[in-house]
Each structure stands twice: as C-alpha cells, then as structure tokens.
Amino acid sequence: MAKQMDYNTIREVFRRFHEAEPEPKGELEHVNAYTLVVAVALSAQATDAGVNKATRSLFKVADTPEKMLELGEEGLTEHIKTIGLFRQKAKNVIKLSRILVDQYGGEVPNSRAALQSLPGVGRKTANVVLNMWWRYPAQAVDTHIFRVGNRTGICPGKDVVAVERAIEDNVPADYQMHAHHWLILHGRYTCKARKPLCASCLIRDICQFEEKNL
C-alpha cells in the first residue's frame, strides 16, 4: 500500500484527469433511476458491456418496477441468463421491484440507507445511483478503484470503506463529483491489474507505484 498523496499532488492528479476527460460517464446503460439500480445490481461480478448487452432488450419491456413484476422472474431470467449469477440476481431484482412498489410508490428512494435496504443493493451500488442519477458526490469503490488507490497513493486503504473515506477526505471538493468515474476508467483502461500501461499513463511521474511497466 502506497502512502497517502499530499494535497498538491492529488490536486494535480485530478487536474490532469479533468483536462483529459472533463465529464466522465459511467458505462452502464439506463433510462431512469430504476433501470440504473437494476443495471448496477446486475453488474456485480460481470462486465458493464455484458450487462448492457442483456439489458438493452430487457429495458424495452421492463423499465419500471411494475413492468418488471409483470415480466416475472422467469421472464427476467431469459433476458439476463448470459450474466454471471443470473438466477440469484433475477430473484433480487423481482424482490426489490416488489419493495419499490409496496413501500416507495414505485419510485427509487434517494438515501443511501433506503437504497441499501433493497435486495442485491450494497453500498457500492447505492453510491453509484446517488452519484449518477442524483448528482451527489458519493464514491463507489470497486476493484479498479481499490487497486488504483492503493497502487498510486491517491486513496489508499485496507478495505473498500477505507478507500471511500480516503477519497472523501483527500480529493479536493471541486473534483469529488467525478472522482470515482475518473478512477474507475483509469483502472479499467490504463492502470490494469496485471500489466498497467505506465508508459501512456497521465500521472506516471507523480504516481508512487514502484514497479512501473515502462
């Protein structure tokens, strides 16, 4: 684990990220808050591309919890059977749809606690929804961010909650809204797990990773 970067260095990191991509976007396709919740719940241990391929046809017929309940678990399963853990995910989506209809009037709640109370929705999923739909500076820490944070010193921590707190505590406020998207994209396409592309990295000169692949 690298040591926490100082303020001026971390500010320069995000200045470069912002210069390269001023408005980074999440890659999961969705049409409303409900389909975003479903897409993120389906993305656990699956790729965004794989989820998008399955949900394009799904969201044409079920873009509200009411329509998802009409589709039913078997109908949903047919749409998502190419995604890992699809049977359990189908059960969770039907359960969370029922809760949304019965307890929230078919609307997706926008507090972290309420979101996390839904089946299949953990802290990371709740933070993605809060950030992408309600524009709240929540930090959704996945394996990419955990790796980048600890490898570079941007936001080191022994677990995902510690890394989330490191982002909140150390990233300047004007970069908080997009911080997790910049870090995810950096980890997905540049600071890869096995062979990081250090030679083409925007921050290689200020990153603390000692085993750079140059």
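1. Thr125 touches Val37, Val40, Ala41 and Gly120, leaving aside residues up to four places away in sequence. The residue lies in helix 7. Thr125 counts as buried, because its relative accessibility is 7% and the cut-off for buried is under 20%. Please keep in mind that this is a predicted model.

2. Next, helix 9, which spans residues 160–170. Its buried residues are Val163, Glu164, Ala166 and Ile167. Note that Glu164 is one of them. These buried residues cover an arc of only 160° around the axis, so they sit on the same side of helix 9. The general rule is useful here: an α-helix has 3.6 residues a turn, so residues three or four places apart point the same way.

3. What covers that buried side? The cover includes helix 6 (112–116) and helix 7 (123–132). It also includes helix 8 (143–152) and helix 10 (179–189).

4. The start of helix 9 deserves a look. There, a side-chain oxygen of Asp159 comes to within 3.2 Å of the backbone nitrogen of Val161.

5. Now the largest pocket. It holds about 540 Å³ of space. The lining has 30 residues, and those closest to the centre are Ser43, Lys124, Asp142, Ile184 and Arg188. Helix 7, helix 8, helix 9 and helix 10 are the elements that each give two or more residues to this lining. By class, the lining of the largest pocket divides into 12 nonpolar, 10 polar and 8 charged residues.

6. The second largest pocket has a volume of about 190 Å³. Its lining includes Phe17, Ala20 and Glu21. Also in the lining are Trp182, Leu185, His186, Tyr189 and Thr190, together with Ser200, Cys201 and Leu202. Two elements give two or more residues to it: helix 1 (7–20) and helix 10. Which element gives the largest share of this lining? Helix 10 does, with 4 residues. The classes are 7 nonpolar, 3 polar and 1 charged.

7. Thr190 is worth following from that pocket lining. It is placed in the segment after helix 10. Is Thr190 buried or exposed? Thr190 is buried, because its relative accessible area is 17% and buried means under 20%. Leaving out residues up to four places away in sequence, Thr190 touches Leu185, Pro196, Leu197 and Cys201. Of these contacts, Leu185 and Cys201 also line the second largest pocket.

8. The structure holds 1 cavity of 30 Å³ or more. About 70 Å³ of space lies in the largest cavity. It is lined by 13 residues, and those closest to its centre are His186, Cys191, Cys198, Cys201 and Cys207. The lining of the largest cavity divides into 8 nonpolar, 3 polar and 2 charged residues. His186 and Cys201 also appear in the lining of the second largest pocket.

9. Cys198 brings in Glu211. The C-alpha atoms of Glu211 and Cys198 are separated by 9.5 Å, and the two residues are 13 residues apart along the chain. Glu211 lies in the segment after helix 10. Glu211 is exposed, because its relative accessible area is 64% and the cut-off for exposed is over 50%.

10. Check the backbone at Leu85. This residue has a positive phi of about 60°, although it is not a glycine. Where does Leu85 sit? Leu85 is in the loop between helix 4 (65–80) and helix 5 (86–104). Leu85 counts as exposed, since its relative accessibility is 51% and exposed means over 50%.

11. Check Arg135 too. It has a positive phi of about 60° and is not a glycine. Arg135 is found in the loop between helix 7 and helix 8. Its relative accessible area is 48%, so Arg135 is partly exposed.

Key:
Residues numbered from 1 in each chain as written. Predicted model: local features only at pLDDT ≥ 70, side-chain atom pairs only at ≥ 80, totals over all residues. Heavy atoms only, no water. 1 Å grid on protein atoms, 1.4 Å probe; cavity = no way out; pocket = protein on both sides within 12 Å on 5 of 7 lines; lining within 4 Å. Points joined across faces, edges and corners; volume = space filled by probe spheres on them. Nonpolar A, V, L, I, M, F, W, Y, C, P; charged D, E, K, R; others polar. Buried < 20%, exposed > 50% of the residue type's maximum accessible area, 1.4 Å probe, protein only. Arc of directions from axis to C-beta. Contact = heavy atoms within 4.5 Å. Polar contact = N/O pair within 3.5 Å; in protein donor to acceptor, adjacent residues only side chain to side chain.
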